[in-house]
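Reader: Hi! I'm in my first year and I get lost when I look at everything at once. Could you pick one part and take me through it slowly?

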2 protein chains.
Amino acid sequence: MTDSVELTQTVRQWMDVFTTRSMHAWTRYVKSTGLSMPQFGILMNLYYRHTCGVSDISERMEVSAAAASQLVDKLVQAGLLERAEDPNDRRAKLLTLSDKGRAMIDSGIETRSNWVDELIADLSPDEFEKVAAALETLSRAAVRLAGQKPERHF
Amino acid sequence: MTDSVELTQTVRQWMDVFTTRSMHAWTRYVKSTGLSMPQFGILMNLYYRHTCGVSDISERMEVSAAAASQLVDKLVQAGLLERAEDPNDRRAKLLTLSDKGRAMIDSGIETRSNWVDELIADLSPDEFEKVAAALETLSRAAVRLAGQKPERHF
DNA sequence: CTGATTAGTTAAGCGTGCTAAACTATACCG
DNA sequence: CGGTATAGTTTAGCACGCTTAACTAATCAG
């Protein structure tokens, strides 16, 4: 039986390689879109949580409401975001990605996928299957962990 | 035999979950240090590539030499970086992390490790072993891939 | 030695993100 | 109804990163 400490080390090391690599790629892609990091962050938020208000953005990004409002406004003007009035609460706005905004994020994810696909293409079918199974296990664990303490900032 | 397209989908999805999560954590940590993103990026660079000059920073971060010089200067003043004259070429500087700078990155990696460890703790011993094996496979593939085209920007 | 290149710094100026503060408008509550 | 809280915007001002351009100093090539 392999040493458990050693295995932990393996997992951490992978995390290290992967995080470094993926952050670099991400940074590069964001720059290529011409958007700033915070702007792109808002688009990402809306990509996953389909709609929300300005104050939600403010909370998630831990910036003031003023900052969120300004950032959102730029994205609206760039045609990446739709900002509609909430019919249930006319103070609030409903923010959603425009098609253009969604396409931009899709394309970013696509870029990321390409790297992963190259990585996978390098594996034997057997390795591939094992890797996929392992990652699914990890995904489930991640979801479980996130569910355990949803009270944490976000 | 499981559908290969489906497996690819699994891998991509994990990538998605993991990237989102790890970038968020990274952003939060950087903010907590009081450093800006680019400043932290320089420290990261030097953490992995033990020493380099100002122009190397400039190239890797794709900013002007002036920008690199200014950022480095702030880090030196903050005591996170050592800037020494290169004895072989007195025009050039040798940049290295100070103990304080190294500690800062170590602590960031530590934070990341904690999350991974929590994730792992949630697995059965059997799952754990399989996951570790799979990630090692992936790591090797990543290294191989990186080695294949080292001419790419970096 | 001389001219050109390379490493790095400094200064001026711009764009951006951020905050605090003041303000508008809607919703909620007694 | 009237007072308070909430959602969002606007403004002024600051800090930061970045660029271009001008500059110093060291190295290299003929």
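Author: Sure, and one idea first: a helix axis here is a line fitted to C-alpha atoms over the stretch in contact, and the angle between two axes, taken between their N-to-C directions, runs from 0 to 180 degrees. Also keep in mind that this is a predicted model.

Now zoom in on the spot where helix H1 of chain A, residues 4-33, packs against H5(B). The two axes are 10 Å apart and make an angle of about 125°. What do we call that? Roughly perpendicular stops at 115 degrees and roughly antiparallel needs over 145, so this value falls among the oblique ones. H1(A) and H5(B) are therefore oblique to each other. As for handedness, H1(A) crosses H5(B) in a right-handed way.

Who actually meets whom? From H1(A) come A:Thr8, A:Val11, A:Arg12, A:Met15, A:Asp16 and A:Thr19. Facing them from H5(B) are B:Ile109, B:Arg112, B:Ser113, B:Val116, B:Asp117 and B:Ile120. It's a mixed bunch: 5 nonpolar, 3 polar and 4 charged residues.

Funnily enough, H5(B) also packs against a helix of its own chain. H1(B) lies with its axis 11 Å from that of H5(B), at an angle of about 145°, and this crossing is right-handed too. On the H1(B) side you'll find B:Ser22, B:Ala25, B:Tyr29 and B:Thr33, while H5(B) puts in B:Met104, B:Gly108, B:Thr111, B:Arg112 and B:Trp115. Sorted by class, that contact has 4 nonpolar, 4 polar and 1 charged residues. If you compare the lists, B:Arg112 turns up in the contact with H1(A) and in the one with H1(B).

Let's zoom out a bit to the whole meeting of the two chains. Chain A puts 42 residues into the contact and chain B puts in 42. On the chain B side, the elements giving two or more residues are helix H1 (4-33), helix H5 (99-121) and helix H6 (125-148). H6(B) gives the most, with 16 residues. In total, the chain B side splits into 21 nonpolar, 9 polar and 12 charged residues.

How do the two chains relate to each other? Turn chain B by 180°, with 0.0 Å of shift along the rotation axis, and it superposes on chain A with an RMSD of 0.1 Å. That's what a two-fold axis does. If you want to find the axis from chain B, look for B:Ala134: its C-alpha is the nearest one in that chain, at 3.1 Å. And since 100% of the interface residues of chain B are interface residues in chain A as well, the copies meet through the same surface.

One last stop: the DNA. Around strand D there are 25 residues, and A:Gly53, A:Ser55, A:Ala66, B:Ser36 and B:Ala66 are the closest. H4(A) supplies the largest share of that surface, 6 residues. Strand C has 26 residues around it, with A:Ser36, A:Ala66, B:Gly53, B:Ser55 and B:Ala66 coming nearest. There the largest share, again 6 residues, comes from H4(B).

How values were computed:
Residues numbered from 1 in each chain as written. Chains lettered and ligands numbered in written order. Predicted model: local features only at pLDDT ≥ 70, side-chain atom pairs only at ≥ 80, totals over all residues. Near = placed C-beta within 6 Å. Helix = DSSP H or I, 4+ residues; strand = E, 2+ residues; numbered from the N terminus. Contact = placed C-beta atoms within 7 Å. Nonpolar A, V, L, I, M, F, W, Y, C, P; charged D, E, K, R; others polar. Parallel < 35°, antiparallel > 145°, perpendicular 65-115°, else oblique. Left-handed = near helix turned anticlockwise from the far one by under 90°. Least-squares fit on C-alpha atoms with pLDDT ≥ 70 in both.
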